[in-house]
Amino acid sequence: MLAALQPSVAESLTDLWAALHKRVPITVYDCEVHYLTAMALAADDDLVAHLLLKKLRIAARAAGDDCDRGLVRMNSYVEFSHGGGGKRFCQLVHPSAPDMPAHGIGVTNLAGAGLIGLRSGQAILWPDVDGTLSELSILHVENCPGLGKWLEAVT
């Protein structure tokens, strides 16, 4: 019974993350909120689910569906770094996309959940697979169709 009253490790880490980032500007388009909430609720990883839901809860909402080149959203092409891992390039996609590109990262992947809602030039602390918080930096974001060639050129 006592174990049921204690918060899970995922909830504890999520609460810590939220306390550290309550004033960090995170933005999510209105048209993606329900989709991202459903993805978080369906995530296999408790930590990803809790973090994505918390991120959605504290995020500002953006109306419309403009091509904001600097904001990471679904299908964005992103150049980023996390911890000491160096630069990485990806396209943020649906986790079970039938035509998942080789450079695709699902939004329910730990890195994918970290990227969503951030802007080019922004950095936050984000857990790695061991739960250690390290810097996740957004180096470049593109959101317009046909930019797969940009990603192929830089990878």
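Reader: Which side chains does the polar contact of 2.8 Å join?

Author: The side chains of E142 and H140. A polar contact is a pair of N or O atoms within 3.5 Å; within protein, one atom must be able to donate a hydrogen and the other to accept it, and residues adjacent in sequence count only if both atoms are side-chain atoms.

Author: Before going on, note that this is a predicted model, where local features need pLDDT of at least 70 and side-chain atom pairs count only at pLDDT 80 or more, while totals for chains, interfaces and linings use all residues. Residues are numbered from 1 along each chain as its sequence is written, and side-chain values use heavy atoms, leaving out hydrogens and water.

Reader: Where is the place of E142?

Author: In strand β7, residues 133–142. Helices (H or I, at least four residues) and strands (E, at least two) are DSSP runs, numbered from the N terminus.

Reader: Is E142 buried or exposed?

Author: Buried, with a relative accessible area of 13%. Buried means under 20% relative accessible area, exposed over 50%, and partly exposed in between, with a 1.4 Å probe and protein chains only.

Reader: How many helices and strands does the protein chain have?

Author: Six helices and seven strands. Along the sequence the pattern runs α-α-β-α-α-β-β-β-β-α-β-β-α. Buried residues account for 46% of the 155 residues. The chain exposes about 8100 Å², with carbon and sulfur atoms supplying 54% of that. Such areas come from the Shrake-Rupley method with a 1.4 Å probe; for residues, only the protein chains shown count as cover.

Reader: Which elements have the lowest and the highest mean pLDDT?

Author: pLDDT is the predictor's confidence in each residue, from 0 to 100. Helix α1 (residues 2–5) has the lowest mean, 40, and helix α5 (residues 110–115) the highest, 96. The chain average is 86, and 84% of the residues score at least 70.

Reader: How many contacts beyond four places in sequence does the model have for residues 1–6?

Author: Zero, and pLDDT stays under 50 over that stretch. Contact means heavy atoms within 4.5 Å. For the protein chain, take contacts between residues at least 6 apart in sequence: 63% of them join residues at least 24 apart.

Reader: How many salt bridges does the structure hold?

Author: The general idea: side chains of opposite charge can pair when their charged atoms come close. A salt bridge is a side-chain nitrogen of Lys or Arg within 4 Å of a carboxyl oxygen of Asp or Glu. This structure holds three. One is K54 with D15, the closest N and O atoms being 3.6 Å apart. This pair links distant parts of the chain: K54 in helix α4 (residues 46–58) and D15 in helix α2 (residues 9–20), 39 residues apart. K54 is buried at 18% relative accessible area, whereas D15 is partly exposed at 44%.

Reader: Which residue forms a salt bridge with R73?

Author: E32, with the closest N and O atoms 3.3 Å apart. R73 sits in the loop between β2 (60–62) and β3 (77–82) and E32 in helix α3 (residues 30–42), so the pair ties together parts 41 residues apart in sequence. Both R73 and E32 are buried.

Reader: Which residue forms a salt bridge with K87?

Author: E79, with the closest N and O atoms 3.5 Å apart. K87 is exposed, at 58% relative accessible area. E79 is buried, at 12%.

Reader: How many disulfides does the structure hold?

Author: A disulfide is a covalent bond between the sulfur atoms of two cysteines. The cut-off here is a pair of cysteine sulfur atoms within 2.5 Å. The structure holds zero. C31 is partly exposed at 49% relative accessibility. C90 is buried at 1%.

Reader: How far apart in space are G104 and C90?

Author: 5.3 Å, C-alpha to C-alpha, with their positions 14 residues apart in sequence numbering. G104 is found in strand β5 (residues 104–106). Setting aside residues up to four places away in sequence, G104 touches Q91 and V93.

Reader: What is the phi of N75?

Author: Most residues other than glycine have a negative phi. N75 has a positive value, near 75 degrees. N75 is in the loop between β2 and β3 and is partly exposed, at 45% relative accessible area.
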